[in-house]
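Trainee: I have a structure open and would like to learn how to read it. Please take me through a few features in turn.

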Amino acid sequence: MAAAAWERFVGHRWLPKAAVVVLAAVLVAAFLLVRSERRDAHNAGVLETACGGVLPRETVRGLLPGDETWELRSDLDLTGPSGRGPRTLVRCSLDWGEYGGLELAAVPVLDVPLRGVRPGDILSAGTAKEPDWVTAYRTATTQVTVGCPAGLLGYPRPVTRFRVHASLNHDDGSEVAGAAKELATVVTAVADHVRDRGGCGGPAVKPSDVRPGPGRVTEDSEDSDGVPRACRWFRPGMLDGRAWGRDDQEPRGVTGGNADVCSLRVPRAKPTSRLDHFAGVSSVSWRGPLLPEARTAYGAELAALSPAPEPKSGEKSYVLAVWAESSCSGARTLSRVRVETAVSALAADRADRVLDAYLASSDCRAVKVLGKVWK
């Protein structure tokens, strides 16, 4: 009976072919299912171990393509008690395809060593070329700078900040659009991991603290008008000046962890003499470990502070420096504003206003003006 049934099956016009097709489909489906299960298990294992296992898995799983096999290309977590690397606190990369990948890194914010604390010294340090691992956050999809009040261990100078940045790219190398919100959650998790393991103290990081990468910059972050962030407090009208033109010398500024500096020259709107075409302004604030160095470097000038009566006329230019102590953003700060003009009366009349505008822009409180000195 079985033999007869088999003969009828074999002799059927299309049934054997259909059976072969069905069998092949079942085998292919079974193969794909097994491969999918293995891929899912592999990807789950990668998520469990990447970045010290601190990644929010559901969020990351939603960001990465589920039909691809993810590979952990680099995974470095040095924030534990075994040691801390000088350059990278955490680094991990989940890649797929040729160019697709999620890249995460946490790096210390290291101030460039200063040769001195005068404005020229700080500006020179601010223009020094930084290595790629320092500047990578500028072109990242998202990034955040986190305070570490207790300080990160293992560095010759105090390190009280670190940055976490993340980027997500398609397989063709282009950035994944609309991923910033989900990446903010990932960046926050890594930042809090570094804070906790490093014993930083301070407030926890929130997803709302995370921002897009600021883009490539040179000396200091600038608006479209080319004015560095450290100089945005100044308005040309403070010294009866006009806006900078294309041929005028551009302001220079540096914003750092322990010092902010601005140096600029403003064209005068209505010169009173052939020497009165420009006025100069520089501002500098020191905080933290730079305070004693600043007091030492400017010891003679600080000792000469007084109500500063206006000098006698006849000079080609007049320089008036005004000093103040204050609390800016909660940090004890020493500030100096220097005004240079061809007319002494202008410097004498405007120096206090210039200082007030500078300190107000930094949210400085409890201001104590220490005095003035003509240079």
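Mentor: We go from overall confidence and make-up to single residues, and then to a pocket. Keep in mind that this is a predicted model.

Trainee: What is the mean pLDDT of the protein?

Mentor: The idea comes before the number: where pLDDT is low, the predicted coordinates should not be read in detail. Here the mean pLDDT is 80, and 78% of the residues reach 70 or more. Over residues 80-85 the pLDDT is below 50, and this stretch has 10 contacts in the model beyond near neighbours in sequence.

Trainee: How many helices and strands are there?

Mentor: The protein has 9 helices and 11 strands. Of its 375 residues, 40% are buried. Contacts can also be sorted by how far apart the partners are in sequence. Taking contacts between residues at least 6 apart in sequence, 64% join residues at least 24 apart.

Trainee: Now a single residue. Is S167 buried or exposed?

Mentor: Buried means under 20% relative accessible area. S167 has 15%, so it counts as buried. This serine lies in strand β5, residues 161-169.

Trainee: Which residues does S167 touch?

Mentor: Leaving out residues up to four places away in sequence, S167 touches G101, L102, E103, T139, A140 and T141. For T141 there is a further detail: the side chain of S167 reaches the backbone nitrogen of T141 at 3.3 Å.

Trainee: Where is S282, and which residues does S282 touch?

Mentor: S282 is in strand β8. With a relative accessible area of 9%, S282 is buried. Not counting residues up to four places away in sequence, S282 touches C262, S263, R336, V337 and R338. Distance in sequence and distance in space are separate readings. S282 and E340 are 58 residues apart in sequence, and 8.8 Å apart in space from C-alpha to C-alpha.

Trainee: What should I look for in backbone angles?

Mentor: Start from the usual case: most residues other than glycine have a negative phi. D363 has a positive phi, near 55°, and is not a glycine. A366 is not a glycine either, and its phi is positive at about 50°.

Trainee: Where do D363 and A366 lie?

Mentor: D363 lies in the loop between α9 (344-361) and β11 (364-374), while A366 is found in strand β11. Exposed means over 50% relative accessible area, and partly exposed lies between 20% and 50%. D363, at 41%, is therefore partly exposed. A366, at 68%, is exposed.

Trainee: Last, a pocket. What volume does the second largest pocket have?

Mentor: Its volume is about 170 Å³. There are 15 lining residues, and those closest to the centre are R265, F278, A279, G280 and E340. E340 was named above, in the pair with S282.

Trainee: Which elements give two or more residues to the lining of the second largest pocket?

Mentor: They are β7 (259-267), β8 (278-287) and β10 (331-341). The largest share, 5 residues, comes from β8. S282 is placed in that strand too.

Trainee: How many nonpolar, polar and charged residues are in the lining of the second largest pocket?

Mentor: A lining can also be read by residue class. This one has 6 nonpolar, 5 polar and 4 charged residues.

Technical notes:
Residues numbered from 1 in each chain as written. Heavy atoms only, no water. 1 Å grid on protein atoms, 1.4 Å probe; cavity = no way out; pocket = protein on both sides within 12 Å on 5 of 7 lines; lining within 4 Å. Points joined across faces, edges and corners; volume = space filled by probe spheres on them. Helix = DSSP H or I, 4+ residues; strand = E, 2+ residues; numbered from the N terminus. Nonpolar A, V, L, I, M, F, W, Y, C, P; charged D, E, K, R; others polar. Buried < 20%, exposed > 50% of the residue type's maximum accessible area, 1.4 Å probe, protein only. Polar contact = N/O pair within 3.5 Å; in protein donor to acceptor, adjacent residues only side chain to side chain. Contact = heavy atoms within 4.5 Å. pLDDT = per-residue confidence, 0-100.
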